[in-house]
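Biologist: I keep meeting words such as "buried" and "paired", and I would like to learn where they come from. Could you take me through them on an example?

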Amino acid sequence: DSGAQVVVLARAGQNLSEYGLRYSHLGFAYREGGLWRVVHKLNQCGTANGSIYRQGLAEFFLDDLYDYEAAMVVPTPDVQARLLPALRDNAVVAQLNTPAYSMVAYPWSVMNQQSNQWALETLAMPQAPPACASARAQDWPQPQG
């Protein structure tokens, strides 16, 4: 109902309450015609390899979650307009994917990457072009705090 074309969508995939955290994973939900799709990064179960996935909303929430609870942030219209074309393009969303996955990757690492790190870099990429490699995509969020 907000008219948004892109939202940041978080889910409680794991119980992280001992760390004071509620949500463990996020992705970008975007409108594709009359449907919502979600693009996000996950590691392949039991491996140190991560890949980018494009799913429907139901699939995003049918992944053996700790709790079926979500949080959503609606980016500004300007951020949505910059991000939407990137989210629809398989090559662009894969561009910042570092296959070497680590659940505890340091946010500014360029050697390993976890799913939320990929999302932050993907958010940064269209905001500060030409961020076409992870190190440059990180140049935008660091000064932003």
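Modeller: Let us go through the terms one at a time and set values against definitions. This is a predicted model, in which local features need pLDDT of at least 70, side-chain atom pairs count only at pLDDT 80 or more, and totals for chains, interfaces and linings use all residues. Residues are numbered from 1 along each chain as its sequence is written, and side-chain values use heavy atoms, with hydrogens and water left out.

Biologist: Thanks! How many helices and strands does the chain have, and what makes a run count as one?

Modeller: There are 6 helices and 5 strands. They are DSSP runs numbered from the N terminus: H or I over at least four residues for a helix, E over at least two for a strand. Along the sequence they follow the pattern β-β-β-β-α-β-α-α-α-α-α.

Biologist: Why are β1 and β2 called paired?

Modeller: Pairing asks for at least two bridges found by DSSP between the strands. Strand β1 (residues 6–12) and strand β2 (residues 25–32) have 6 bridges, in the antiparallel sense, so they pair under that definition. One example is V6, whose bridge partner in β2 is Y30. Likewise, β3 and β4 run antiparallel and are joined by 7 bridges; there, L42 has S51 of β4 as its bridge partner.

Biologist: What is the order of the strands in the sheet?

Modeller: The open sheet reads β4-β3-β2-β1-β5, with antiparallel pairing. β4 (50–56) and β5 (67–73) each have a single partner strand, so they stand at the edges and one side of each has no neighbour in the sheet.

Biologist: How do you know that F28 is buried?

Modeller: We look at relative accessible area: under 20% is buried, over 50% is exposed and in between is partly exposed, using a 1.4 Å probe and protein chains only. F28 has 1% relative accessibility, so it counts as buried. W118, at 0%, counts as buried too.

Biologist: And L35 in strand β3, is that residue buried or exposed?

Modeller: L35 has 58% relative accessibility, so it counts as exposed. For the chain of 145 residues, 41% count as buried.

Biologist: Why are F28 and W118 called an edge-to-face aromatic pair?

Modeller: A pair of aromatic rings is described by the distance of the centres and the angle of the planes. Rings of Phe, Tyr and Trp (its six-membered ring) pair if their centres lie within 6.5 Å; planes under 30 degrees apart are stacked, over 60 edge-to-face, and the rest tilted. F28 and W118 are 6.2 Å apart centre to centre, with 65° between the planes, so they fit both the pair and the edge-to-face cut-offs. F28 lies in strand β2 and W118 in helix α4, so the pair ties together parts 90 residues apart in sequence.

Biologist: How many aromatic pairs does the structure hold?

Modeller: It holds 2 aromatic pairs. F60 and F61 also form an edge-to-face pair, at 5.1 Å centre to centre and 85° between the planes.

Biologist: What makes R11 count as lying over the face of F60?

Modeller: The rule wants NZ of Lys or CZ of Arg within 6 Å of the ring centre and within 35 degrees of the ring normal. R11 lies over the face of F60, at 4.5 Å from the ring centre, so the distance meets the 6 Å cut-off. F60 itself is buried, with a relative accessible area of 0%.
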